[in-house]
Amino acid sequence: MSTFASASAVPLQTVGGVVDDIVRIAGVRFLGVLAILLFGILLAYVTGTLVHRLLVSVGVPEAIEGTAFERTARDFETSTVEILSWLTRYFVLGISLFAALSFAGVNYADRFWGLVIAILPQLFIAILVLIIGVVVGDKVELLVAERFRAVKLPQVNLLPALAKYTVFFLATLVALSQVGVATLALIVLLGAYLLGLIVFSAVAFRDLLRSGAAGTYLLFTQPYSIGDEIVVGDVRGVVQEFDMFVTHVEAEETEFVVPNARVLNKGVGRVRR
């Protein structure tokens with residue numbers, strides 16, 4: 001009995017001695033740093049996986065399908081959802097690394113840690129806002145292009161790009177505000193952008209706005225309807241369709257797209273049969 005007890009105690013004492021030797025050689029601080037890093041890696045993986053699953057579950061991949069950012073990500077054999085999940089992982093890993101350095105007592109680590117705590121979350125949010133702004137801007141461009149696809153006016157081609165870059169600009173302003181850029185400067189920049197946008201719209205979309213106003217008047221008064229034969233200036237044909245901006249008139253094998261502003265300016269005559 002005593003022989004068995006003494007024999008079984010030897011491995012336990014050996015294991016305990018090995019642990020004591022590791023602690024004595026490596027030091028408690030080193031083991032603490034190692035534990036923090038291992039926990040950070042595990043937490044980063046779990047957090048990134050949860051973010052990926054959350055984005056997929058709410059339908060983000062389907063919502064951003066076809067956007068320029070998503071196509072670019074596909075070219076690099078990744079996706080927007082993967083980029084966001086890996087960005088989350090790197091953020092958690094960065095926090096873990098700085099926590100480990102602080103625990104290790106690296107020179108100036110406390111000051112650096114305080115600086116990181118103050119800046120890193122805002123930087124992470126700024127990058128996230130920029131990515132979301134790019135994705136949302138691309139999606140807005142697709143939606144606007146789809147909405148005005150039936151409008152056959154040259155100025156309409158500018159609307160999708162204008163909507164996209166407006167979203168980009170607003171996202172950039174939000175991102176800059178997160179990294180500490182003066183709010184007053186951002187307000188002035190936003191005001192200058194809106195003023196430039198108004199001036200540009202007034203010049204570039206003057207005819208479009210006039211056609212829209214004329215189309216609103218025509219839709220209310222309805223001087224002609226689909227199937228009527230009308231004359232507008234030197235154009236004569238049958239009305240195929242009309243909306244707020246243009247009227248489609250078919251004459252023999254030719255279809256004319258007449259801006260509603262021209263209809264109102266030239267006057268419209270309805271041919272009686």
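**Lys 164 and Glu 141**

I started with Lys 164, which makes a salt bridge to Glu 141, with 3.5 Å between the closest N and O atoms. This is a predicted model, so I'm reading computed geometry here. I checked where the two ends sit: Lys 164 is in helix α7 and Glu 141 is in helix α6 (residues 109–147), so the pair ties together parts that are 23 residues apart in sequence. Next I wanted to know whether Lys 164 is buried or exposed. Lys 164 comes out at 12% relative accessibility, and I put it down as buried because the cut-off is under 20%. Glu 141 has a relative accessible area of 22%, which makes it partly exposed.

**Helix α7**

Since Lys 164 took me to α7, I looked over the rest of that helix. How far apart are its end C-alpha atoms? I get 31 Å, and the 21 residues (158–178) should span 30 Å at 1.5 Å a residue, so the two agree. I then listed the buried residues of α7: Leu 159, Pro 160, Ala 163, Lys 164, Thr 166, Val 167, Phe 168, Phe 169, Ala 171, Leu 173 and Ala 175. A reminder to myself for reading that list: an α-helix has 3.6 residues a turn, so residues three or four places apart point the same way. After the helix comes Gly 180, and its phi is positive, near 95°.

**The other salt bridges**

I counted three salt bridges in the model. One of the others joins the side chains of Glu 229 and Arg 236, at 3.0 Å from N to O. Glu 229 is buried at 18% relative accessibility, while Arg 236 is partly exposed at 46%.

I also looked up Asp 234, which bridges to Arg 262 with the closest N and O atoms 3.1 Å apart. Asp 234 sits in the loop between β1 (229–232) and β2 (235–242), and Arg 262 is in helix α10 (residues 260–266), so this pair links parts that are 28 residues apart in sequence. Asp 234 is exposed, with a relative accessible area of 68%. Arg 262, at 30%, counts as partly exposed.

**The sheet**

Which order do the strands take? I read β4-β3-β2-β1-β5, an open sheet of five strands with antiparallel pairing. β4 and β5 (269–270) are at the edges with a single partner strand each, so one side of each has no neighbour in the sheet. For my own notes, strands of a sheet pair through backbone hydrogen bonds, either parallel or antiparallel.

I zoomed in on β3 (residues 246–251) and β4 (residues 254–259), which are antiparallel and joined by six bridges. Glu 250 has Glu 255 of β4 as its bridge partner. The hairpin of β3 and β4 has two residues between the strands, and there Glu 252 takes a positive phi near 55°.

**Nonpolar patch**

Last, I went over the surface. I found a nonpolar patch of about 780 Å², made by Phe 30, Leu 31, Leu 34, Leu 38, Ile 41, Trp 86, Tyr 90 and Leu 93. Which helices each supply at least two of its residues? They are α2 (28–57) and α5 (80–104). α2 gives the most, with five residues. I picked Phe 30 for a closer look: it lies in α2, and at 48% relative accessibility it counts as partly exposed.

How values were computed. Residues are numbered from 1 along each chain as its sequence is written. This is a predicted model: local features need pLDDT of at least 70, side-chain atom pairs count only at pLDDT 80 or more; totals for chains, interfaces and linings use all residues. Side-chain values use heavy atoms; hydrogens and water are left out. Patches are made of residues with over 30% relative accessible area and no salt bridge: like charges are joined within 9 Å, nonpolar side chains (Val, Leu, Ile, Met, Phe, Trp, Tyr) within 5 Å. Accessible areas come from the Shrake-Rupley method with a 1.4 Å probe; for residues, only the protein chains shown count as cover. A salt bridge is a side-chain nitrogen of Lys or Arg within 4 Å of a carboxyl oxygen of Asp or Glu. Helices (H or I, at least four residues) and strands (E, at least two) are DSSP runs, numbered from the N terminus. Buried means under 20% relative accessible area, exposed over 50%, partly exposed in between (1.4 Å probe, protein chains only). The expected span of a helix is 1.5 Å times one less than its number of residues. Two strands pair if DSSP finds at least two bridges between them.
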